[in-house]
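Thanks for asking me to look this one over. Here are my notes, in the order I would go through them with you.

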Amino acid sequence: MASQPFLTIIVPMHNAQHKMGPCLDSLRDLDLEVAHEVIFVDDSSSDGTFERLLEESSDIDQWRVLRTEENSGTPSVGRNMGIDAARGEWLFFLDGDDAIRPRGINAAVDRALRDDVDIVRGSVDLHYVGVRELTIDRIRPEALVGDKLARVSAIAKHQSLTCMALIRRSLVVENGVQFDQAVRMGEDIVFTAELLTCASDVDYVDMPLFQYWRRQAGGNSAMHSLGSREVSELAHSWTRVEEFFRGLGLSYIELHGASTIGYALRQLIQHRREEISRDAFTQLAAFFSKYRDSVAALVIPERVESIIDALVCDDYIAFVHEIRPRMLIAGHDLKFIRDAEPELSSVFNIRYDEWPSERVHDVSESRAGAAWADVVWCEWLTACAVWYSNNVTPGTKLIVRVHRYELGRDYGFQINEASVSAFVTIAPHCYEDVVDRFGYARSKVRFIPNYYRTSDYLRGEGIERLKRLAMIGIAPRRKGYLAGLQVLNELRASGEDYTLSVLGRAPNEYPWIDSDPEERAYYAACESYIEDMGLREAVKFEGWVDTYTATKEFGFVLSMSEHEGSHVGPGEAFCAGNQGLFLPWRGVEYVYPEQFVFSTTSEMVHHIRSSQNLADFQVLAEKGRSYMVDTYDVSAFLDRVVDLWRSL
């Protein structure tokens, strides 16, 4: 450490314990032809980052570790501390979860030694974790021909103005340039823009200087949580950058505004954490009004243009509307998802593309919807999902909901998986079924259970209902109607007056049952069983009912199925203050509390008989209802959908 290093690499970190590995490995393997030092600055982490950095640096003379007195919440403090402590003639900034590229850094050092420049920039290796890698921010050689102004223009046009470049330390120090520690949005591009105006000359090497690791969205990045503060800071940072460029006779807006502004506004659509205040809107609108001529020259998508129009017109109401994400809900049967519209519309602007049948739709209407949407929600993995997977516009997220029904169809093999952002299953065991059946990447398959409007159900009262059983839907035969009849018969064997009500259509109302010999024979056997056991007066076919009001009448709603996705009906019993009872179809223990799952019909019968004390019954029923409220209420469904949208 006695001799002055040529290069100082400054690495700010905060709570990076579990993501700093690639960064440390790349710095440890860095083989430069010039002396260098590395300064890590921990922003008062709480996860052991500082202690690990001390340990990792203990046997490397060129590595130093600094720490802020308290957490600042911004890398700017660490970068400024690194600048103040640096001994190198040149600086390079690296984030703690990225990796340095030795060949690129050596090429940049060679250029710095050879040419009389103050800044050397390079390209970037972008690593989508678990997905793909590509090189971005490359500049064609012919774009760099000419004077400094031409090179600054080329850099601004073709690159993001990140601070990850080789920078002469004297340029920073002598011009008093620092990162603005009060700003968390755009502080790095302001820093870079100011240095570009101060530099005597700049250069570029066509090699990556670092590898940027882009992980799944929804982390702690400022761009993944946008509110009024960040909007105000964007307005401030963009204004300063434009002023610096105008001092050179250039316009950053005209050079790179379509990308910078477009990206930020799309992030605002997807990652807004709160309503944007009128004051923050006014600051952003002032930027667009001030530079409206340059903004008007941009070629931008309609989606971004609609937001900019509201800003230029100083129309706060239109702005608030336009930054809400647009959700198109598509499919042939939308009853379930339509019922959630009041909640979904509190976050999303909603449109529908309802297909008359599984394969029939208005193509022009579907194309218009695809062009309008930020996210398309296909309610079924059927022909609709296949069509949208081949027709969504770039940048539009596609979510496909998968029920048990679709596992028996082949549409899942026809879909363009690359266009799908997420497949949503309704139960944990269905998650595995979807992966096994169609071979989708596990990273694309998510679990969002069905929802219930738990507070909308009328609550059961009185002891009489404890003798009333119900099955909600008994077709097809896998629903286990005969097993339900057997439970009824065993209960009545002791002389007690139990009844079983069938809610929904009777078997003879389904034309397909009559045309299926096995199904027809099954329900004929059920009828014979009713006659043979004298159950005719005890079995009641209620037809269609409003389950929000009717379920309260039945103390026990049975799920006798061979297999299910989630089986909504018994869940409704819990919501109504009653009990849902289940035979052990695969995965039921992950959907409902295990105390309501029984290995045999006899165990179920024993539970019903032993639950005839009203007080005891209600204690257990309330446990089931609390579980439903906590796990499946529609408010939780909204939270899960919003979390999914923000993670894509």
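The points below cover salt bridges, one serine in a helix, and strand pairing.

1. A word on the model first. Please keep in mind that this is a predicted model, and the distances, angles and accessibilities quoted here are computed from it.

2. On charge pairing in general: side chains of opposite charge can pair when their charged atoms come close. For this structure the salt-bridge count comes to 46. I picked out three pairs and one network for comment.

3. Start with R64 and E37, whose side chains form a salt bridge with an N to O distance of 3.0 Å. This pair links distant parts of the chain: R64 belongs to strand β3 (residues 63–67) and E37 to strand β2 (residues 36–42), with their positions 27 residues apart. How accessible is R64? Its relative accessibility is 24%, so R64 counts as partly exposed. E37, by contrast, is at 1% and therefore counts as buried, the cut-off for buried being under 20%.

4. Next comes R453, which makes a salt bridge with D339; their closest N and O atoms are 3.2 Å apart. Here too distant parts of the chain are linked, as the two residues are 114 residues apart. R453 sits in the loop between β15 (445–447) and β16 (468–472), while D339 is in the loop between α14 (335–338) and α15 (341–344). In this pair the arginine is the buried partner: R453 has a relative accessibility of 12%, whereas D339 is partly exposed at 32%.

5. The third pair is R536 with E527, again a side-chain salt bridge, at 3.0 Å from N to O. Both partners are partly exposed, R536 with a relative accessibility of 35% and E527 with 33%. Elsewhere, salt bridges with shared partners join E302, R303, E322, R326 and D374 into one network.

6. S237 deserves a look of its own. This serine lies in helix α8 (residues 228–247) and counts as buried because its relative accessibility is 1%. What does its side chain find there? A polar atom of the S237 side chain lies 2.7 Å from the backbone oxygen of M185. Setting aside neighbours within four places in sequence, S237 is in contact with V183, M185, G186, E187 and V190.

7. Now to strand β9 (residues 202–214), which has both an antiparallel and a parallel pairing to show you. Strand β5 (residues 99–100) runs antiparallel to β9 and is joined to it by two bridges, with A99 standing opposite Q211. Strand β6 (residues 119–128) runs parallel to β9, and nine bridges join the two; L126 has Y212 as its bridge partner in β9.

8. Finally, there is an open sheet of five strands in the order β18-β17-β16-β19-β20, with parallel pairing. Which strands form its edges? They are β18 (539–543) and β20 (579–582), each pairing on one side only. On average, neighbouring strands in this sheet are turned by 30 degrees against each other, direction ignored. Within the sheet, β16 and strand β17 (residues 499–503) pair over five bridges in the parallel sense, and I472 stands opposite L503 in β17. Helix α24 (residues 568–575) packs on the sheet and touches β16, β19 (556–559) and β20. The direction of α24 makes about 150 degrees with that of β20.

Definitions and conventions
Residues are numbered from 1 along each chain as its sequence is written. This is a predicted model: local features need pLDDT of at least 70, side-chain atom pairs count only at pLDDT 80 or more; totals for chains, interfaces and linings use all residues. Side-chain values use heavy atoms; hydrogens and water are left out. A salt bridge is a side-chain nitrogen of Lys or Arg within 4 Å of a carboxyl oxygen of Asp or Glu. Helices (H or I, at least four residues) and strands (E, at least two) are DSSP runs, numbered from the N terminus. Buried means under 20% relative accessible area, exposed over 50%, partly exposed in between (1.4 Å probe, protein chains only). A polar contact is a pair of N or O atoms within 3.5 Å; within protein, one must be able to donate a hydrogen and the other to accept it, and residues adjacent in sequence count only if both atoms are side-chain atoms. Contact means heavy atoms within 4.5 Å. Two strands pair if DSSP finds at least two bridges between them. Axes are lines fitted to C-alpha atoms, for helices over the stretch in contact, and angles run from 0 to 180 degrees between N-to-C directions.
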